[in-house]
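Hi,

Here is the structure I promised to pass on. Have a look at it first, and then read my notes underneath.

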Amino acid sequence: SYLPVSPTIAMGTGDFTIEGWFYLTAASSNYVRIFWQAVTGGNRMEWAFNDSGLGNTLYFSISSSTVTSSVTKASIQNTWTHLAVVRSGTTVYMYKNGVSVGSGTISDSHGAQSLTIGCTYPVNTDYPYQGYIDDLRITNGYCRYPGGTTFTPPTAAFPTY
């Protein structure tokens, strides 16, 4: 299944944090989209595992800029894993269970677009995320885990406001 999110989210060029707990139940040989935010023929933002030809590793991308990590599909299959991607300035860091697993530069701006969790947008179920997601949180304007330092992932539910 998938979840379309409304209203649209514009990340711009500012700081952000995207994080949650993930439990992948099936690791297909194709792309696996955690989320996809794009318009046809336009700017996109995605957090996904690439296809088997690229090692099945987790990556994050805005427009044509991409940061890859050392996290594989198999490493989060059948086990709860905290994953986070943050941007501080123009540097993007990815974390697995509080440990930095990749970083790079993404200065591209991201405009307001529709967001789909669990597959691509417009909805295309060719690359589904098969598993569970808990406490997915998108924080626009704030980098919760800057600098690639190790942190302890939250173990309790995020507070409601």
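Below is what I found, going from the whole chain down to a few single residues.

First, a caution: this is a predicted model, so please read everything here in that light.

**The chain as a whole**

The chain has 161 residues, and 42% of them count as buried. You won't come across a helix: the tally is zero helices and 11 strands. Reading along the sequence, you simply go β-β-β-β-β-β-β-β-β-β-β. If you take the contacts between residues at least 6 apart in sequence, 67% of them join residues at least 24 apart. As for the outside, the accessible surface is about 7300 Å², with 49% of it belonging to carbon and sulfur atoms.

**A five-stranded sheet**

A good place to start is an open sheet of five strands, ordered β9-β8-β7-β2-β11 and paired antiparallel. The edges are taken by β9 (99–105) and β11 (131–140); each has a single partner strand, so one side of each has no neighbour in the sheet. On average, neighbouring strands here are turned by 15° against each other, direction ignored. As general background, strands of a sheet pair through backbone hydrogen bonds, in either a parallel or an antiparallel way.

Now walk across part of the sheet. β2 and β7 run antiparallel and are joined by seven bridges; in one of the pairs, Phe16 has Arg87 of β7 as its bridge partner. Arg87 also stands opposite Val92 in β8, so you can use Arg87 to step from one pairing to the next. The antiparallel pairing of β7 and β8 spans six bridges, and Val86 has Tyr93 of β8 as its bridge partner. Going one strand further, β8 and β9 run antiparallel too, and six bridges join them.

Is β7 enclosed or open to the outside? Seven of its eight residues are buried, so β7 is largely enclosed by the rest of the structure.

**Two hairpins and Thr90**

β7 and β8 form a hairpin with two residues between the strands, and Gly89 there takes a positive phi near 70°. β8 and β9 also form a hairpin with two residues between them, where Asn97 in the turn has a positive phi of about 50°.

Thr90 is worth a click as well. This residue is in the loop between β7 and β8, and its relative accessibility is 39%; partly exposed covers values between 20% and 50%, which is why Thr90 falls in that class. Which residues does Thr90 contact, leaving aside its neighbours within four places in sequence? They are Gly104, Thr105, Ile106 and Ser107. Thr90 and Thr105 are 15 residues apart along the chain, with 5.5 Å between their C-alpha atoms. Thr105 also turns up in the sheet pairing, as the bridge partner of Thr91 in β9.

**Glu19**

Next, back to β2 (residues 16–24), where you will find Glu19. Is Glu19 buried or exposed? Its relative accessibility is 0%, and buried means under 20%, so Glu19 counts as buried.

What does the Glu19 side chain make polar contacts with? One partner is the side chain of His82, at 2.9 Å. Another is the side chain of Tyr145, at 2.7 Å. Not counting residues up to four places away in sequence, Glu19 touches a list of residues that includes Leu83, Ala84, Asp135, Arg137, Pro154 and Phe158.

**The nonpolar cores**

Finally, the cores. The largest nonpolar core has 26 residues, and Ile34, Phe35, Trp47 and Phe60 touch the most other members. At least two residues each come from β2, β3 (32–38), β4 (44–49), β5 (57–62), β6 (65–72), β7 (81–88), β8 (91–96) and β10 (113–117). Which strand gives the most to this core? That is β2, with four residues.

Apart from this core lies another one, of seven residues, among them Val86, Tyr93, Tyr95 and Tyr145. You have met some of these names already: Val86 and Tyr93 are bridge partners, and Tyr145 is in polar contact with Glu19.

If you want a route through the model, begin at Glu19 in β2, cross to β7 over the seven bridges, and carry on to β8 over the next six.

Cheers

Terms used
Residues numbered from 1 in each chain as written. Predicted model: local features only at pLDDT ≥ 70, side-chain atom pairs only at ≥ 80, totals over all residues. Heavy atoms only, no water. Buried < 20%, exposed > 50% of the residue type's maximum accessible area, 1.4 Å probe, protein only. Contact = heavy atoms within 4.5 Å. Areas by Shrake-Rupley, 256 points an atom, 1.4 Å probe, with all protein chains shown as cover. Polar contact = N/O pair within 3.5 Å; in protein donor to acceptor, adjacent residues only side chain to side chain. Core = buried A, V, L, I, M, F, W, Y, C linked by side-chain atoms within 4.5 Å. Pairing = 2+ DSSP bridges. Axes fitted to C-alpha atoms, helices over the stretch in contact; angles between N-to-C directions.
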